[in-house]
Amino acid sequence: MIDAELQSFQMNFVQMALVFSFTIVGVLAIKTVISEMVRALCDRKSRAGDHDEPSDPY
């Protein structure tokens with residue numbers, strides 16, 4: 001009985017850890033995408049004359 005409870009608790013903990021890590025990864029990915037979009041918008045706004053996309057910022 002105690003072994004089964006421990007196993008179920010362990011599974012629950014693993015599931016929680018997976019959900020937590022996936023949430024963190026998702027939030028970081030969304031923040032990265034949003035910052036890239038904002039940077040692209042600012043680039044486009046700062047040079048309204050140029051229509052070609054810059055290959056790199058350097």
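A surface patch is here made of residues with over 30% relative accessible area and no salt bridge, nonpolar side chains being joined within 5 Å. In the predicted model, Leu 6, Phe 9 and Phe 13 form a nonpolar patch of this kind, and together these three residues contribute about 380 Å² of accessible area. Of the patch members, Leu 6 is located in helix α1, which runs over residues 2–46. Leu 6 has a relative accessibility of 53% and is therefore classed as exposed, since the term applies to values over 50%.

With respect to the overall architecture, the protein contains 1 helix and 0 strands. Among its 58 residues, 0% count as buried, a class that would require a relative accessible area under 20%. The accessible surface of the whole protein amounts to about 5,800 Å², and carbon and sulfur atoms account for 69% of this area.

As to charged contacts, a search of the whole structure returned 1 salt bridge. A salt bridge joins the side chains of Glu 36 and Arg 39, with a distance of 3.1 Å from N to O. Glu 36 and Arg 39 both belong to helix α1 and, because they are 3 residues apart, about one helical turn separates them. The relative accessibility of Glu 36 is 43%, so that this residue counts as partly exposed, the category that lies between the limits of 20% and 50%.

Note on methods:
Residues numbered from 1 in each chain as written. Predicted model: local features only at pLDDT ≥ 70, side-chain atom pairs only at ≥ 80, totals over all residues. Heavy atoms only, no water. Patch = residues over 30% accessible without salt bridge, like charges linked within 9 Å, V, L, I, M, F, W, Y side chains within 5 Å. Areas by Shrake-Rupley, 256 points an atom, 1.4 Å probe, with all protein chains shown as cover. Salt bridge = Lys/Arg side-chain N within 4 Å of Asp/Glu carboxyl O. Helix = DSSP H or I, 4+ residues; strand = E, 2+ residues; numbered from the N terminus. Buried < 20%, exposed > 50% of the residue type's maximum accessible area, 1.4 Å probe, protein only.
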